[in-house]
Amino acid sequence: MRSSAQSLRLHVLRDLGARRLDEITTVDLQRLAERLRADKRSASNVRNAFLPLRAIYRRAESLSMVASNP
């Protein structure tokens, strides 16, 4: 759990932290992945950055907080 929180803080919140979950689009997530790759992050770092997002969106969907999971 610690590495997920760290990955989220270091990689995701920088780009998306000020946005509401229902405002984030697939394009936003693609741009995030592209930025991470441009920053020379390994494939596992990119994947690890997205793992907490997947869990967050699954939970938000189950609570009807978002209409879809980008």
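Leaving aside its neighbours within four places in sequence, with which residues is Ser 7 in contact? The structure considered here is a predicted model, and this residue offers a convenient place to enter it. Ser 7 lies in helix H1, which spans residues 2-16. Once neighbours within four places in sequence are set aside, Ser 7 is in contact with Val 12, Asn 45, Asn 48 and Ala 49. Of these partners, Asn 45, Asn 48 and Ala 49 have numbers that fall within helix H3, residues 43-62. Ser 7 has a relative accessible area of 9%. Because buried means under 20% relative accessible area, Ser 7 is classed as buried.

From Ser 7 the reader may turn to the pairing of the second and third helices. Helix H2 comprises residues 26-38 and helix H3 residues 43-62; their axes come within 10 Å and cross at roughly 150°. H2 is therefore roughly antiparallel to H3. The crossing in which H2 passes H3 is right-handed. On the H2 side, the residues that take part in the contact are Leu 29, Leu 32, Ala 33, Leu 36 and Arg 37, and they meet Val 46, Ala 49, Phe 50 and Leu 53 of H3. By type, the residues of this contact divide into 8 nonpolar, no polar and 1 charged. Ala 49 thus has a part in two descriptions: it is among the H3 residues met by H2, and it is also one of the contacts of Ser 7.

The charged side chains come next. Side chains of opposite charge can pair when their charged atoms come close. A search of the whole structure finds 6 salt bridges, and three of them are followed here. In one, the side chains of Asp 28 and Arg 19 meet, with an N to O distance of 2.8 Å. The two partners are not alike in accessibility: Asp 28 is buried, at a relative accessible area of 13%, whereas Arg 19 is partly exposed, at 32%.

A second salt bridge joins the side chains of Asp 39 and Arg 35, again with an N to O distance of 2.8 Å. Arg 35 belongs to helix H2. With a relative accessibility of 16%, Arg 35 counts as buried, while Asp 39 is partly exposed, with a relative accessible area of 35%. Not counting residues up to four places away in sequence, Arg 35 touches His 11, Arg 14 and Asp 15. The numbers of these three residues fall within the range of helix H1, residues 2-16.

A third salt bridge is formed by the side chains of Arg 14 and Asp 15, where the N to O distance is 4.0 Å. Arg 14 is found in helix H1. Its relative accessibility of 58% places Arg 14 among the exposed residues, and Asp 15 is partly exposed, with a relative accessible area of 30%. When residues up to four places away in sequence are not counted, Arg 14 touches Arg 9, Arg 35 and Asp 39. Arg 14 and Leu 32 are 18 residues apart in sequence, yet their C-alpha atoms are 9.6 Å apart in space. Leu 32 has already appeared as one of the H2 residues that meet H3.

These last two pairs belong together. Arg 14, Asp 15, Arg 35 and Asp 39 are linked in a network of salt bridges. Within this network, accessibility ranges from the buried Arg 35, at 16%, to the exposed Arg 14, at 58%.

Two further residues merit attention for their backbone geometry. Most residues other than glycine have a negative phi. Lys 40, although not a glycine, has a positive phi of about 65°. Lys 40 is placed in the loop between H2 and H3, and its relative accessible area of 75% makes it exposed. Ser 64 is likewise a residue other than glycine with a positive phi, in this case near 60°. Ser 64 is located in the segment after H3 and is exposed, with a relative accessible area of 66%.

Technical notes. Residues are numbered from 1 along each chain as its sequence is written. This is a predicted model: local features need pLDDT of at least 70, side-chain atom pairs count only at pLDDT 80 or more; totals for chains, interfaces and linings use all residues. Side-chain values use heavy atoms; hydrogens and water are left out. Buried means under 20% relative accessible area, exposed over 50%, partly exposed in between (1.4 Å probe, protein chains only). Axes are lines fitted to C-alpha atoms, for helices over the stretch in contact, and angles run from 0 to 180 degrees between N-to-C directions. Helices (H or I, at least four residues) and strands (E, at least two) are DSSP runs, numbered from the N terminus. Angles under 35 degrees count as roughly parallel, over 145 as roughly antiparallel, 65 to 115 as roughly perpendicular and the rest as oblique. A crossing is left-handed if the near helix is turned anticlockwise from the far one by less than a right angle, and right-handed if clockwise. Contact means heavy atoms within 4.5 Å. Ala, Val, Leu, Ile, Met, Phe, Trp, Tyr, Cys and Pro count as nonpolar, Asp, Glu, Lys and Arg as charged, and the others, Gly among them, as polar.
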